[in-house]
Amino acid sequence: MKIFNTLKGRKEEFVPLEPGKVKMYVCGPTVYNFIHIGNARPMIVFDTIRRYLEYKGYDVNYVSNFTDVDDKIIKKAVEEGVDSSVISERYIGECKADMAAMNVMPATVHPKATEEIDGMLDLIGTLVKKGHAYRAADGTVYFRTSSFKEYGKLSHKNLDDLVSGFRELKVTGEEGKEDPSDFVLWKPKKEGEPYWESPWCQGRPGWHIECSAMSRKYLGEQIDIHGGGEDLIFPHHENEIAQSEAASGKEFAKYWMHNGFLNIDNKKMSKSLGNFFTVREISEKFDLQVLRFFMLSAHYRSPLNFSEELMEASKNGLERIYNGLDKLRELESTAAAETLLEEEKPFCQKMEELVAKYEAAMEDDFNTADAVSAVFELVKLGNSTAHGESSREYAATLRKTLESLCGVLGIVTQRKKEVLDEEVEAMIAARGQARKEKNFALADEIRQKLLDMGIVLEDTREGVKWKRA
Ligand code: AMP
Ligand code: ZN
């Protein structure tokens, strides 16, 4: 199996630290709003990689954090007049709901920064003791980049260039830095912000330290794969390497994997640019299986442009797979012959070749685009060779193979259960009642349940209208 390793700038054979086991850490979202479909890309990509590794028999320990202490969370909490944990807990819940709807498996552990402060203090303490970090007069603790000779090795930047680049960029409040490229490990509290006690000052952690601390706690000092979006290469992952390796003296992660950006109109989709769709918005128009299938139609390292036309094409592609599976299921229940017929043997051979093609694509740095074409070829094989005279064994083998390959991509192979009109009407009436009683939480819950069933509501002057997505 080959993996493109950002650290080496090339594909490498995957050899886990411990045979049969994979330790994987993927940087998760900062929870101050609903996740957008750009954030969904690493979730879907790394979930698919995890699924493939499990399909190959690896025992995968998958850790992904929630950054729940951050300026944006604090700002939103101030705006709403609530504690910042109210904001982060709300959006962790919403994020988990979106992940489930995209069929992203929960991580083995989902640590939250605010619950891991002890581990961060311990790590910072080690860095200070070893001379890799220092406390400035105002209590801020900085990482001393000049003490870590390999700084820049992930982003392939040269420390001297970085220092001169940073010199241009004077950040107020960071005058206590020895060097412009040093970065914050711990910072003093500000009025009204959450803070923790520490040997240096009352304050809160910088962003980068949380991943180093959580990865060390849940996976140990050395891991196999570390992942995230390509925007995290510098400075976030570069800083994670500096922190972890300076503290342990060992290589932190063997393989660094980065997904390309999800763009809109060929521009980076991001909250700061305001050109984004939340996963929740998309779920009102499309089943999120379509979003997942769309993401996997490209190689994970390529940029991917989002458009409604491409989503429609993915929807049609998914429909082709469902139709193929429906036909095979039907044939299984009506087949006259039980066991494989002589003339079906060459088709089974072809099926095995397609499975091999699918696996070869996935083994080549998880080329899901080519894996998806192998799935389509399998559907075509079923459509052209399975018919009323086929054996049950042949139809069942084709169906199971198709289900297994789709399953590795995280594509659910059962159509959503047909929802009856009466069921929908009853739920809409219950939602109306809840709203009358000002129980908006319940009303929203019912609306979401309907959405999950593929029913979209529209509140109009004539009352509530609904349609199937
Ligand atoms: P953030 O909440 O901004 O820290 O992002 C969480 C994850 O989403 C990180 O791995 C980012 O690299 C990734 N990400 C953010 N925006 C995009 C995008 N437009 N396309 C792909 N990945 C993204
Ligand atoms: Zn991280």
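In this predicted model, strands β1 (residues 2–5) and β2 (residues 10–13) run antiparallel and are joined by 4 bridges. Within this pairing, I3 of the hairpin has E12 in β2 as its bridge partner. The hairpin leaves 4 residues between its strands, and G9 takes a positive phi near 70 degrees there.

Helix α1 covers residues 37–55. For its 19 residues, a rise of 1.5 Å a residue gives an expected span of 27 Å, and the C-alpha atoms at its ends are 26 Å apart, which agrees. Burial of this helix is extensive in that 16 of the 19 residues are buried, leaving α1 mostly covered. A positive phi of about 95 degrees is found at G57, just after α1.

The largest nonpolar core comprises 86 residues. Within this core, L53, M102, L291 and F306 have the most contacts. Helix α1 supplies the largest share of the core, with 9 residues. Apart from this core lies another, made up of 39 residues, including A113, M120, V141 and L154. The surroundings of F306 were examined with neighbours within four places in sequence left aside. On that basis, F306 is in contact with I37, L262, N263, I264 and M269, and also with F277, I282, L291, F294 and M311. One of these partners, L291, is itself among the residues with the most contacts inside the largest core.

The zinc ion (ligand 2) has four protein donors, namely C27 (SG), C211 (SG), H236 (NE2) and E240 (OE). These donors lie 2.0 to 2.4 Å from the ion. Along the chain, their spacing follows C-x183-C-x24-H-x3-E. Two of the donors are placed in helices: C211 lies in α6 (residues 208–219) and E240 in α7 (residues 233–248), so this pair ties together parts that are 29 residues apart in sequence. Both C211 and E240 are buried. The angles subtended by the 4 donor atoms around the zinc ion (ligand 2) range from 75 to 127 degrees. A tetrahedral assignment would need all angles to lie between 85 and 135 degrees. The arrangement is therefore irregular, given the range of 75 to 127 degrees.

Note on methods
Residues numbered from 1 in each chain as written. Chains lettered and ligands numbered in written order. Predicted model: local features only at pLDDT ≥ 70, side-chain atom pairs only at ≥ 80, totals over all residues. Heavy atoms only, no water. Expected span 1.5 Å × (residues − 1). Buried < 20%, exposed > 50% of the residue type's maximum accessible area, 1.4 Å probe, protein only. Core = buried A, V, L, I, M, F, W, Y, C linked by side-chain atoms within 4.5 Å. Contact = heavy atoms within 4.5 Å. Donors = N, O, S within 2.8 Å, 3.2 Å for Na, K, Ca; no water. Tetrahedral: all angles 85-135°; square planar, octahedral: opposite > 155°, others 65-115°. Pairing = 2+ DSSP bridges.
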